[in-house]
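Student: Hi! I have a model open and would like to talk it through with you. Can we just go piece by piece?
Tutor: Happy to; put it up and ask away.

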Amino acid sequence: MKICDPAIWLMHRLTYSRKMLVAGFFFCIPILLLAYFLVTNIREQVEFAAKERAGVRYVTPLRNVLSSLLDQRRESVLGEKSLSSGKVLGELDRIDARLGGELATGEFVRTFKARLGEIPNLHGVSARKIFDAHTAGVNDLLDLVVLVADNSNLTLDPDIDSYYLMDTLTTKLPPLADALARIDLIASRLMSNSSSVGDRTDLIVLAGQVRTLVDAADKNIRVACAKNPALSRILQKPFQEMDASVAAFLKETTSYSVAKSPLGPLPQNVMSKDANVAGEAVFKAVDIILPALDGLLAERIHTFRTRMCLYMSLSFLAFVLGVYLNIGCFLSVREGIASIRDVATRVANGDLTAEASELSRDELGEMALIFNVMTENLRAIIITLSGVTEKVYSFAGQLSASVDQQAGFSSQLSSSVTEISTTMEEFSSTASQIANHSHGVVDIAERTLQGTKDGAAGVETLAMKMSDISSDNEASLREIMALGRKSKEITRIMEIIGTIANQTKLIAFNAALEAASAGEAGKRFGVVAVEIRRLADSVVESTSQTEGKITEIMDAVNRLVITSEKGSNGIREGLDYSGQTMEMLCNVVDGAAETSESAKQISLSTQQQQIASSQVVFALRDIQEGTRSSSESIRQINGISKELMVMSGDLKALMGRFSLDVVSHI
Amino acid sequence: MNDPCGIYLNLFLFSVGGVHFAVDAEQALGMTPYAGETEEDLFWFHEELGFGNRAVTYRTPTIVTIRMPESRPYRVIIDSLEDISEFSRHDIRLFPDLLEPRTLRNGMWGILVKDDRMILLVDFKRLLRGRTAVAALGEVAKHENM
Amino acid sequence: MEISTGQLKSELILEELKRRKHTKEIVDVEEERVKVVIFACGENRYAFYGTDIREILPSFEISWVPCLPDYLPGLINVRGDIESVIDIRHFLGEEKCSHGKPLIAMAVRGAFQSGILIDSIKDVVDIPLRTIQPPLTTLNGAARDLVIGEIEYGGEIVSLLDIEKLAAKISL
């Protein structure tokens, strides 16, 4: 609210203690004021009541003065000796001295006293005049009573019971007493036959007044008793007596008044006695009322005082309690604030392990809680951030390293590209060489064609000759094979011979054995056996030799056959080859034609290659360009990554400022 | 030896395990094909004679019942009957002296040469005699041992 | 040889030759000769006395006879006569030699007559009796029983076998 802004502005400029002091101060004032007003109020009430009591106390001597004055009047009128009113006046003086200032009765009392003082000075005047003088005094007194009642706030008495008592006391009973006294006087005058006409009228009037006053007094008393039942105990009896006595007196006097004729002289003593009794009853009533009233007032004052004490003590207690609680509040809040301030300071300095104590359940406590949560979050964030920073740092390092690598690669690429460029140039030159050579190839192809044709002719001739050789060869082969067969037969014969030879040898052995057993006669037979044996051996030998020769022949034949066959085969192969050669020559012819064609193609392709290679060279130049710019970028990246490393290092240092829990710090 | 009066002998020719044998026709009571039965008094010829380690296969095994005067007939399984013919006694050759003791004990008492083949003459009685003698010897030995 | 004076070279030589001949004749007269049959069996050379061998036959078909020991392979038909055959390799501890056909030497000594299977005949010669040496003591057991002497022939030692001993070994 805008209205509070100045207050807010002021409060913002104060510290909390001062705020509390200011606020407390401005709260204490009304409390104190209230207390003060309360006390003052009660005190006023007390004083009011005290003043009333003073009034009541004042009335006490006035009653005496009245009583005395009435007596004096009566006596003066009746010519009796009047009592001295000095004592009562002395009382009055005393009272007036004490309370007169307070009740502002000084003036009146003086006037009254002056008037009373004149009375003794009246000598030789009519009874009427004495009566009037006294009555004036009585009226003054009655007025004084009323004045006292007025000035002592009795007429403003707030309570019903005391008010009606007061009213009875001040406005009913004294006049009643006076009226009774006057009735008494009048009655006595009537009795003495010295009454005038007016006396009767006065009597009726006074009787009426008396009745009115008595009724009023009774009504007042009834009301007061109704309000305060305790009073009825005190007041009922005297007032009933008073009523009774007054009623009796009235009856007497009334009956006297209404009598048409003089009734006869009553004993004056009886009338006076009744008057006294009535008067006394009235004064008794007054005497009863005074203390009662005083008592009520005293009670009221006491009540007020008690109430005031109670209020004072309660407020004091409440005040003390309030101060206590306020101090407590102040301290609690201050504690809370201080705690949070401490923790905040620590957190501001980087100690994230600080935790605010969450003692209070109020908003400060909540704040502490929230603060802790915040710190926790911050801690978590810082931890994560620390971790991330580490990673960033390491990644930055890796990035730097890899970028360096890249730079290396880049330069490698550059050099490779240069190499390729060189190669492409060579390639280019090679291609033109190829083009040249391909022309040469075309020439060669044509020459090959011609040569091939010549070759084909030669091969045909060769083929013919070879078939001649072949047929000759076959004839030889046949003859050789016949020869072989014959050799085999010879071998067979040789085998037979060999077998015979072996058998002969065996026979020779057997013959030798026979010869041995035949003894001397068999000796020469034995010689023959030996000869046979030798013959057999030589046959075997020559057989074996022949076999050897045959074997040689057979081998030679075989070799010839083989050779012949080889030759045959060779010739056949030769024929095949010549056929193949023909084919190949034809192929060569075709090939030559193709070669020619291909050479032309090569020429064409080579031209295309030239174009392509120059394109490649262009492309390579572009690559080199790209490589250069890439190198540039890499350098930039390197710079950036190095900066990144520095930054992350700073960040790390920054993180290091925060102290976290040992466990959670990474 | 059967009937010494005649010059000619009637002989059954059979071969077992590639070796040719001949038996006097009088010795044989009958011939029946061998159907795979195994009985106590049925013997394989090669086991009786003693072929050693040679493997013998019978193409058409035949049971020959031999007449035995003293005991019940003897049945032996031979391979197929090849021939029945007469032979002159004069053609019979003796076993060489070196071999004779052994061969006689095994029932082979002579040799016939026919078509460059040597046919061994078998006397079953002699063979069995030798056997029973051996068996008897064996039994005696057993008795003595017991 | 120094040429001595007065004599012709031819005379010297002649004298030498005559001397030798005489010696040889003496030797020839004095020496008793005996015929031996030298044969091969397996890897070694053996010999029989010629008197023990009646004849040498080329390989014949041997008909196997059952119930004969291994060293008797069977019978042969020699010109109508039935002869037994002994496989001497069994006694000499030789392996079978499969070069060509083996021969059969008919051995006869007293009552013993049988063919003997040999691999081949080397020779039938007369040798002086004194050249027959006593047998080597280091011969293997099988042959030792049969060997009665050693002959040198063709640079080799040939064991001379005794038919009688062979006969003794074979007794059925």
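Student: Which strands of chain C does helix 10 of chain A lie across?
Tutor: Keep in mind that this is a predicted model. Helix 10 of chain A, residues 363-518, lies across strand 1 (33-41) and strand 8 of chain C. Relative to strand 8 of chain C, helix 10 of chain A runs at about 30 degrees.

Student: How many residues are in contact between chain C and chain A there?
Tutor: Ten residues of chain C are in contact with eight residues of chain A. On the chain C side, strand 3 (53-57) and strand 8 (120-128) each supply at least two residues. Strand 3 of chain C gives the largest share, four residues.

Student: And what's the chemistry of that side of chain C?
Tutor: The side of chain C that touches chain A divides into five nonpolar, two polar and three charged residues.

Student: What about chain C and chain B, how many residues does each give?
Tutor: That contact takes 18 residues from chain C and 18 residues from chain B. On chain C, the elements that give two or more residues are strand 4 (74-78), strand 5 (81-87) and strand 7 (112-118). The side of chain C that touches chain B has twelve nonpolar residues, five polar and one charged.

Student: OK, now chain C by itself. How many helices and strands?
Tutor: Chain C has four helices and ten strands. Along the sequence the pattern reads α-β-β-β-β-β-α-β-β-β-α-β-β-α. Of the 172 residues in chain C, 31% are buried. Of the contacts in chain C between residues at least 6 apart in sequence, 57% join residues at least 24 apart.

Student: In what order do the strands of the five-stranded open sheet of chain C come?
Tutor: The order is 8-1-2-10-9, and the pairing is mixed. Strand 8 and strand 9 (147-153) of chain C are the edge strands, each pairing on one side only. The twist averages 35 degrees from one strand to the next.

Student: Mixed how? Start with strand 1 and strand 2 of chain C: parallel or antiparallel?
Tutor: Strand 1 and strand 2 (residues 44-49) of chain C are antiparallel, with six bridges. A40(C) has R45(C) in strand 2 of chain C as its bridge partner. The hairpin of these two strands has two residues between them, and G42(C) takes a positive phi near 65 degrees in it.

Student: And strand 2 with strand 10 of chain C, parallel or antiparallel?
Tutor: Strand 2 and strand 10 of chain C run parallel, joined by three bridges. In this pair, F48(C) stands opposite L161(C) in strand 10 of chain C. Moving on to the edge, strand 9 and strand 10 (residues 156-161) of chain C pair in the antiparallel sense over six bridges. There G149(C) stands opposite L160(C).

Student: Chain B has an open sheet of four strands as well; what's its order?
Tutor: The order in chain B is 3-5-6-4, with mixed pairing. Strand 3 (28-33) and strand 4 (42-44) of chain B are the edges, each pairing on one side only. From one strand to the next, the twist averages 25 degrees. Strand 3 and strand 5 (residues 62-66) of chain B pair in the antiparallel sense over five bridges, and T32(B) stands opposite I63(B) in strand 5 of chain B.

Student: Back to chain A. Which residues of helix 4 are buried?
Tutor: V109(A), F112(A) and L116(A) are buried in helix 4 of chain A. Down the axis of helix 4 of chain A, the buried residues fall within an arc of 65 degrees, so they line one face of the helix. They pack against helix 3 (86-103) and helix 5 (127-151) of chain A. Exposed residues on the other side of helix 4 of chain A include E107(A), A114(A) and E118(A).

Student: How far does helix 4 of chain A reach?
Tutor: Helix 4 of chain A (residues 106-121) reaches 23 Å from its first C-alpha to its last, close to the 22 Å expected for its 16 residues.

Student: One last spot: where is S659(A)?
Tutor: S659(A) sits in the segment after helix 11 (521-657) of chain A. It counts as partly exposed because it has 16 C-beta neighbours inside 10 Å. Beyond its neighbours within four places in sequence, S659(A) is in contact with G350(A), D351(A), L352(A) and T353(A). The C-alpha atoms of S659(A) and I382(A) are separated by 9.8 Å, with the two residues 277 apart along the chain.

How values were computed: Residues numbered from 1 in each chain as written. Chains lettered and ligands numbered in written order. Predicted model: local features only at pLDDT ≥ 70, side-chain atom pairs only at ≥ 80, totals over all residues. Expected span 1.5 Å × (residues − 1). Buried ≥ 20, exposed ≤ 12 C-beta atoms within 10 Å, placed from the backbone. Arc of directions from axis to C-beta. Contact = placed C-beta atoms within 7 Å. Nonpolar A, V, L, I, M, F, W, Y, C, P; charged D, E, K, R; others polar. Pairing = 2+ DSSP bridges. Axes fitted to C-alpha atoms, helices over the stretch in contact; angles between N-to-C directions.
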